[in-house]
Amino acid sequence: MKLFRSKPKAGAVNFTNLPRHIAIIMDGNGRWAQRNGLPRTAGHAAGAETFRRVATYCKDIGIEYLTVYAFSTENWKRPAPEVQFIMRLLEKYLWEAIEKMEKDRVRMKFFGDVSILSEELQRLIEKTAEISQRYEGCQVNICVNYGGRDEIIRAARLCAEEVLKDGGGKIGMEEFEKHLYSSGIPDPDLIIRPGGEQRLSNFLLYQSAYSELYFTDTLWPDFTERDINKAIAEFQRRNRRYGDIK
Ligand code: IPE
Ligand code: IPE
Ligand code: MG
């Protein structure tokens, strides 16, 4: 277990060609706990701490959008006490976020169907999103009860409802994208997955079409600012062609 994590030296990140939007699949909490002889819940608590640090760091270096996968539509399959613990952590995080919002000036949004979460959590989510609207700093999107397929089907349904209501009209990419949770936000330039798995696990399936993917074995609770710098450096070495021959 790393108790002290040093801040990266100034100049460790190259500010030219920074990704505008970074997305992270925060994976490996359970294995981190297991390796340290702790219950899985301790891994989630440590992961929440990592999220605080990484979000602050991304804001400090000028990342415009940070989207994090906190709880998927499939994570309900887990034992109830673990799910409950994660929801409580989220509540705790939101309480704190509201308290220090004026100082942080981070705009927060939530992707996913939050209507099935507890009333308290829904209230906190609504409040956090509402108060933070006025801030122009980094925008942090937290994905809770989020699934890429769910999001696509929801957008298709909303499009279909519009067509039925208005009796026609065009449904192109632009009209469709308006109904995604990420409406108005550029697609992620870089998707980072710590924890050793090399898959998307239903994360941003539509938006990841041309994202650069970065996988690392580091478990999320061990992830530091240095790992963000490494991922950004790798991103800056990639050649994004978008189908062209540049
Ligand atoms: C990610 O860590 C957190 C959530 C999915 C909520 P995991 O809990 O999946 O950690 P591992 O993959 O079991 O190590
Ligand atoms: C993806 O991690 C979801 C989150 C990090 C919230 P999982 O641990 O749920 O993914 P799988 O089961 O290994 O694909
Ligand atoms: Mg996992």
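Colleague: At roughly what angle do the axes of helix 3 (residues 80-99) and helix 5 (residues 119-132) cross?

Modeller: This is a predicted model, so-called local features need pLDDT of at least 70, side-chain atom pairs count only at pLDDT 80 or more, and totals for chains, interfaces and linings use all residues. Residues are numbered from 1 along each chain as its sequence is written, chains are lettered from A and ligands numbered from 1 in written order, and side-chain values use heavy atoms, leaving out hydrogens and water. Helices (DSSP H or I, at least four residues) and strands (E, at least two) are numbered from the N terminus, and axes are lines fitted to C-alpha atoms, for helices over the stretch in contact, with angles from 0 to 180 degrees between N-to-C directions. The two axes come within 10 Å, and they cross at roughly 30 degrees.

Colleague: How many residues of the contact of helix 3 with helix 5 are charged?

Modeller: Contact means heavy atoms within 4.5 Å. Helix 3 brings Met87, Leu90, Glu91, Leu94, Trp95 and Ile98 up against residues of helix 5 including Glu120, Arg123 and Lys127. Ala, Val, Leu, Ile, Met, Phe, Trp, Tyr, Cys and Pro count as nonpolar, Asp, Glu, Lys and Arg as charged, and the others, Gly among them, as polar. On that split, nine are nonpolar, one is polar, and the charged ones number four.

Colleague: How many disulfides does a search of the whole structure find?

Modeller: A disulfide here is a pair of cysteine sulfur atoms within 2.5 Å. For Cys58, the nearest cysteine sulfur is that of Cys138, 6.6 Å away. Cys159 can't be bonded because its sulfur is 20 Å from the closest one, in Cys143. The search of the whole structure gives zero.

Colleague: Which helix gives the most residues to the largest nonpolar core?

Modeller: A nonpolar core is a set of buried Ala, Val, Leu, Ile, Met, Phe, Trp, Tyr and Cys residues joined through side-chain atoms within 4.5 Å. The largest has 46 residues, and Ile24 and Met108 have the most contacts inside it. With eight residues, the top contributor is helix 3.

Colleague: Is Leu204 buried or exposed?

Modeller: Leu204 sits in the loop between strand 5 (190-193) and strand 6 (212-215), with phi near 40 degrees, a positive value in a residue other than glycine. Buried means under 20% relative accessible area, exposed over 50%, partly exposed in between (1.4 Å probe, protein chains only). Since its relative accessible area is 2%, Leu204 counts as buried.
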